[in-house]
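Here's a quick briefing on the model shown below. Have the structure open while you go through the points.

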Number of protein chains: 4
Amino acid sequence: MNRRTPPDPSRRSERSRRAILDAALELVAETGYAKLTIEAIAARAGVGKQTIYRWWPSKAAVLFEATVLDRAGGEALDPAAVELPDTGDLEADLKTVLRATVDELNDARLNEPMRALTAETVNDEAFGTAFTEKVLEPQLQAYVRRLRAAQEAGQLDPGVDPRTALELLVGPLFHRWHNRTLPLTHAYADAIVDLALRGLTPRP
Amino acid sequence: MNRRTPPDPSRRSERSRRAILDAALELVAETGYAKLTIEAIAARAGVGKQTIYRWWPSKAAVLFEATVLDRAGGEALDPAAVELPDTGDLEADLKTVLRATVDELNDARLNEPMRALTAETVNDEAFGTAFTEKVLEPQLQAYVRRLRAAQEAGQLDPGVDPRTALELLVGPLFHRWHNRTLPLTHAYADAIVDLALRGLTPRP
Amino acid sequence: MNRRTPPDPSRRSERSRRAILDAALELVAETGYAKLTIEAIAARAGVGKQTIYRWWPSKAAVLFEATVLDRAGGEALDPAAVELPDTGDLEADLKTVLRATVDELNDARLNEPMRALTAETVNDEAFGTAFTEKVLEPQLQAYVRRLRAAQEAGQLDPGVDPRTALELLVGPLFHRWHNRTLPLTHAYADAIVDLALRGLTPRP
Amino acid sequence: MNRRTPPDPSRRSERSRRAILDAALELVAETGYAKLTIEAIAARAGVGKQTIYRWWPSKAAVLFEATVLDRAGGEALDPAAVELPDTGDLEADLKTVLRATVDELNDARLNEPMRALTAETVNDEAFGTAFTEKVLEPQLQAYVRRLRAAQEAGQLDPGVDPRTALELLVGPLFHRWHNRTLPLTHAYADAIVDLALRGLTPRP
DNA sequence: TTCTAAACGAGACGGTACGTCGGGTCTTAGA
DNA sequence: TCTAAGACCCGACGTACCGTCTCGTTTAGAA
């Protein structure tokens, strides 16, 4: 019912694709996601609406590709390639990673679209699934691998579920980002790592 | 420009108010927030659209009142009344609270509208502010009070910022809820409390 | 399936109705029927598209009301009121009527929309039926009445079917109008009446 | 600006031409002219859209060729070859011709496309001109020739303009066909010839 | 018989208009 | 006077076709 014959990707116009993604980014920066419309994207990109509908299922998908898949200038990011640093010093590595995450979440260019996409995962089930699968899960798996290595190195309690451990680290960051309660800083990232590793209760 | 004369709340029809809130809850359960419309709420409630626009600024506000303010059957909840238990046993108290939070987040009736409202805070700045102020912040303050009491009782490291400590506790829960990665269970709540209190690194 | 509840005509905006009909006439005069669009009518009339779709089933119906029903400034024309003159002199009366018809068909303001509507009766069955019923048939019936009177007065062969007789009179006019072969003049109208009444063959 | 280099008719694919004309006829019979689209014709014919645009200026032109030029199985019809019978008996000859016209207008296969093409002459000036010139006028000229012969034979009033006389004969038929008021029969054709030749008024 | 230019199928493209939906405002009737 | 009902203007939706424009792939005439 969706479409008679799927479009042929080999005949796709790269020129149009870029124009659409650029227009989407510009418009979301100018007016915000709520006021972003397919019509406006098409008009700004100098493209027919059908060209957008042909290749993307929703405006969230357009913005997703523009924001997430397109970074690093190149093509789609390889999920398996996402890797956390492993210098042998777990605390230092985690601080490096969480500080980088903080920087990303503070990046003005990415902030608005990222928030919007995160919100959209709630309303649009299909998009939410794709988002989790393509972006979130690869990153979480990278955490899991790094934490398991730490367990093998005796730096992490072997009884701890890496999946839970990871959430102890990134959960606080995203909570603060989501709710805009307090600013996200490197110091905060460091504090989270310290507390997560050593616990809230007093040391003897 | 917003409105000629503000409506007189004393002449408001309680009957209509209830019908609107009930209709909103029914519809969001049936079709989801994305397909929820003011027109449908008005039709289902047997009410003119204007009656909704007169008393609420947005459909998010309607659903907010229906979902959050209306629990406990009665009226608005008193923010100052939100309080965490204090039996003197910090660990036990936190587990009690986080288990209750888990139960709430798993409540089928509340789940869909809660997710929607959380998403809406991203797109609708004004609503987001109101949401944080009326619901989130009172709860966070209750955590802060309880954690400070624990610090005074010597059960919590006095060098730890209670605000950060609290995020270490609730952040993981909301991360899992938001991203629907793994199920939210009492065991998970307990694990978070344990890890937060004692840390990820091995104990001697 | 067409519509949930039919609109309430008593609440209709006469202002919008007039603006729509006027805009339709202006636009059809400016650009022709083929390029006439509902969107353009709505824009010109300063009206939402829905207001047109609410009250008319097609652009042909709009133009029909604008062109045919609205003449004589007043309201809808009363089909029973259409009457041919009866001075007792059949030939003179028919020439009066056909000359008037020629003038109408030559009226620049009416010509373009009339041609378009006539064409539309072919493609749009429903509209064609309405057109025949509301405009054509009342006029043909007036002919039939006048011709029957002539038969009773002994001025017309009693063996002739009035319906066929009428077509002998108006058929040639519309043939010329339709096909734009030769100009429509009073002289032509007179010639048709003469030939129809007296026949093509030589008189003794 | 219309086209860089005109296409070479000698290299034209007869296979495609036939497939297009057949598809057009099939589709117009199935869905009516209003819903007939170039895309549908191309798809049904298994042909690229460009192949249609290359050889025909409009869908009316396609249908025109399919309907009118293609009859008698062969090629284009020779306008000069259109001739009315001349047995010496004017009345009989006219009845023969008008009866044949009635049969044609009643032919189910030709009816829908013919009506559509007639309607299109109103909206599409260029097509209208071509239609009149290639189809209508040759036939009318044939009438003129036959009627002039009748005048020379003393069977027709020499004062009558043959052009007007012809319209007295065919006008009524087309009026009835166009407006779908009453069925077109041989008896009707005969009646028209009788009345046209002898007039509506009583004979002594 | 091979070469080559055009016609061909396919269908993506920039557009225009469609008919529908819902937003938020305004008007009318009735309690 | 507030409410229900819903017409109104407006903007965006997602779809259908338009006519143009590449793409390879036949195919038929000239070399």
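Let's start at the DNA: 42 residues surround DNA strand F, and the closest are A:Thr37, B:Gly48, C:Ser13, C:Gly48 and C:Thr51. Keep in mind that this is a predicted model. From there we'll go to the other strand, then to the protein pairs, and finish with a helix packing in chain B.

**DNA strand F**

- Which elements feed the surface near DNA strand F with at least two residues each? They are helix 2 (38-45) and helix 3 of chain A, helix 3 of chain B, helix 3 of chain C, and helix 2 (38-45) and helix 3 of chain D.
- By residue class, the surface near DNA strand F splits into seven nonpolar, 18 polar and 17 charged.

**DNA strand E**

- DNA strand E has 42 residues around it, and those that come nearest are A:Gly48, C:Thr37, D:Pro7, D:Ser13 and D:Gly48.
- On the chain A and chain B side, helix 3 (49-55) of chain A and helix 2 (38-45) and helix 3 (49-55) of chain B each put at least two residues into the surface near DNA strand E.
- From the other two chains, helix 2 (38-45) and helix 3 (49-55) of chain C do likewise, as does helix 3 (49-55) of chain D.
- The class split for the surface near DNA strand E is eight nonpolar, 17 polar and 17 charged.

**Chain A on its own**

- Chain A has nine helices and zero strands, so to speak an α-α-α-α-α-α-α-α-α pattern when you read along the sequence.
- The C-alpha trace of chain A spans about 70 × 35 × 30 Å along its principal axes.

**The chain A and chain B pair**

- The contact draws 37 residues from chain A and 36 residues from chain B.
- On the chain A side, helix 6 (108-123), helix 7 (125-152), helix 8 (162-179) and helix 9 (186-198) each supply at least two residues.
- Which helix of chain A gives the most to the side that touches chain B? Helix 8 of chain A does, with 12 residues.
- Sorted by class, the side of chain A that touches chain B holds 21 nonpolar, nine polar and seven charged residues.
- Chain A lands on chain B after a rotation of 180 degrees with 0.0 Å of shift along its axis, at an RMSD of 0.2 Å.
- The two copies are thus related as by a two-fold rotation axis.
- Within chain A, the C-alpha nearest the axis belongs to A:Gly199, 1.6 Å from it.
- The copies meet through the same surface, because 97% of the interface residues of chain A are also interface residues in chain B.

**The chain C and chain D pair**

- Here the contact takes 37 residues from chain C and 36 residues from chain D.
- Helix 6 (108-123), helix 7 (125-152), helix 8 (162-179) and helix 9 (186-198) of chain C are the elements giving two or more residues to the side that touches chain D.
- Helix 8 of chain C gives the most to that side, with 12 residues.
- The side of chain C that touches chain D divides into 21 nonpolar, nine polar and seven charged residues.
- To superpose chain C on chain D, you need a rotation of 179 degrees with 0.1 Å of shift along its axis, and the RMSD is 0.2 Å.
- In chain C, the C-alpha nearest the axis is that of C:Gly199, at 1.6 Å.
- The same surface serves both copies, with 97% of the contact residues of chain C recurring in chain D.

**Between the pairs**

- Chain A and chain C share no contact, and their closest C-alpha atoms lie 17 Å apart.
- No contact joins chain B and chain C either, where the closest C-alpha atoms lie 12 Å apart.

**A helix packing in chain B**

- The axes of helix 5 (residues 90-106) and helix 9 (residues 186-198) of chain B come within 9 Å and cross at roughly 140 degrees.
- Helix 5 of chain B and helix 9 of chain B are therefore oblique to each other.
- The crossing of helix 5 of chain B past helix 9 of chain B is right-handed.
- Helix 5 of chain B brings B:Glu91, B:Leu94, B:Lys95, B:Leu98, B:Arg99 and B:Val102 to this contact, while helix 9 of chain B answers with B:His186, B:Ala189, B:Asp190, B:Ile192, B:Val193 and B:Leu197.
- The residues of this contact between helix 5 and helix 9 of chain B come to seven nonpolar, one polar and four charged.

Terms used. Residues are numbered from 1 along each chain as its sequence is written. Chains are lettered from A and ligands numbered from 1 in the order in which they are written. This is a predicted model: local features need pLDDT of at least 70, side-chain atom pairs count only at pLDDT 80 or more; totals for chains, interfaces and linings use all residues. Axes are lines fitted to C-alpha atoms, for helices over the stretch in contact, and angles run from 0 to 180 degrees between N-to-C directions. Helices (H or I, at least four residues) and strands (E, at least two) are DSSP runs, numbered from the N terminus. Angles under 35 degrees count as roughly parallel, over 145 as roughly antiparallel, 65 to 115 as roughly perpendicular and the rest as oblique. A crossing is left-handed if the near helix is turned anticlockwise from the far one by less than a right angle, and right-handed if clockwise. Two residues are in contact if their C-beta atoms, placed from the backbone, lie within 7 Å. Ala, Val, Leu, Ile, Met, Phe, Trp, Tyr, Cys and Pro count as nonpolar, Asp, Glu, Lys and Arg as charged, and the others, Gly among them, as polar. Copies are superposed by least squares on the C-alpha atoms of residues with pLDDT of at least 70 in both. A residue is near a molecule or strand if its C-beta atom, placed from the backbone, lies within 6 Å of it.
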